Amino acid sequence: SPAPTCYDDKNLQAAQSAAQPTLLYVWSPRMPLSALHAADARAQAHALGLAWQPVADHRVPAHERDQALLRLRATQPAAASALQRSRALCSTELEQRDAYRHFPSAFVLGQRVDARPIVGAMPSAFWRQSIAQRLTPQVLP
């Protein structure tokens, strides 16, 4: 069962009603690139005015997450800083939206969850472009 400090559907609803959009960043201690690219994703989210919320795969034991963060502090302090406030993901809605398809995955949360998750590690410029695209309302033909 999820820890009481997990990021659940109530947290998701609160983020959707907040005035500031959020980049929800889903990572796994078992996927090193998802940890290493967190600092770039956070920097681009902040540059575009988004709040930052890292969440970790709840299926990975907490001690593995703690060990990964400890190793990151020694080798990649910016990534460790970006992930230090990670909570286990236990949102049924986000799991149904395939939040665990690949790590990292990220969702732009505003008045809704953007239907186009950002999937995969990428350079900073592409994080910025992907986030910006999801902040722009989609015009349907």
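Two strands count as paired here if DSSP finds at least two bridges between them. By that yardstick, strand β2, which covers residues 51-56, pairs with β3: 2 bridges join them, and the two strands run parallel. One spot to look for is A56, which stands opposite A88 in β3. The model is a predicted one, and this pair of strands makes a handy way into it.

Zooming out, the protein has 7 helices and 5 strands. Followed along the sequence, these elements come in the pattern α-β-α-α-β-α-α-β-α-β-β-α. The radius of gyration is 14 Å, close to the 14 Å that the globule rule gives for 141 residues, so the protein is as compact as a globular protein of that length. Along its principal axes, the C-alpha trace spans about 45 × 35 × 25 Å. Of the 141 residues, 45% are buried. Among contacts with a separation of 6 or more, 70% are between residues 24 or more positions apart. On the outside, the protein exposes about 7400 Å², with carbon and sulfur atoms supplying 53% of that area. As for charge, there are 15 positive and 10 negative ones, and their mean positions lie 5 Å apart.

Back to the sheet. Strands of a sheet pair through backbone hydrogen bonds, either parallel or antiparallel. In this protein the 5 strands form an open sheet, in the order β3-β2-β1-β4-β5, and the pairing is mixed. The edges belong to β3 (87-88) and β5 (118-119), each of which pairs on one side only. The β2 and β3 pair described above is a parallel part of the sheet. On the other hand, β1 and β4 pair in the antiparallel sense, over 5 bridges. Within that pairing, L24 has F107 of β4 as its bridge partner. Next along, β4 is joined to β5 by 2 bridges, and these strands also run antiparallel. Here A106 stands opposite I118 in β5.

Strand β4 deserves a longer look. It is mostly covered, with 5 of its 5 residues buried. S105, F107 and L109 point one way from the strand, while A106 and V108 point the other way, and all of them are buried. F107, then, is both the bridge partner of L24 and one of the buried residues of β4. A106, which faces I118 across the β4 and β5 pairing, points the other way from F107.

I118 turns up again in the surroundings of the helix α7, residues 124-135, where S130 lies. Setting aside its neighbours within four places in sequence, S130 is in contact with I118 and M122. The relative accessible area of S130 is 13%, and since buried means under 20%, S130 counts as buried.

Helix α3, residues 38-47, also has its covered side of the story: A38, A39, A41, Q44 and A45 are buried. An α-helix has 3.6 residues a turn, so residues three or four places apart point the same way. The cover over the buried residues of α3 includes parts of the sheet, namely β1 (22-27) and β2, along with the helices α2 (32-36), α5 (77-83) and α7. After α3 comes G49, whose phi is positive, near 85°.

A few backbone details stand out against a general habit. Most residues other than glycine have a negative phi, and most peptide bonds are trans. D98, a residue other than glycine, has a positive phi near 70°. D98 sits in the loop between α6 and β4. With a relative accessible area of 41%, D98 is partly exposed. The peptide bond joining F103 and P104 is cis, with omega about 0°. P104 is found in the loop between α6 (92-96) and β4 (105-109).

Finally, there is the start of the chain. T5 lies in the segment before α1 (9-17). At 56% relative accessibility, T5 counts as exposed, because the cut-off for that label is over 50%. Although T5 and S86 are 81 residues apart in sequence, their C-alpha atoms are 9.8 Å apart in space.

Definitions and conventions
Residues numbered from 1 in each chain as written. Predicted model: local features only at pLDDT ≥ 70, side-chain atom pairs only at ≥ 80, totals over all residues. Heavy atoms only, no water. Helix = DSSP H or I, 4+ residues; strand = E, 2+ residues; numbered from the N terminus. Rg over C-alpha atoms; globule rule 2.2 N^0.38 Å. Buried < 20%, exposed > 50% of the residue type's maximum accessible area, 1.4 Å probe, protein only. Contact = heavy atoms within 4.5 Å. Areas by Shrake-Rupley, 256 points an atom, 1.4 Å probe, with all protein chains shown as cover. Lys, Arg positive; Asp, Glu negative; His and termini not counted. Charge placed at Lys NZ, Arg CZ, Asp CG, Glu CD.
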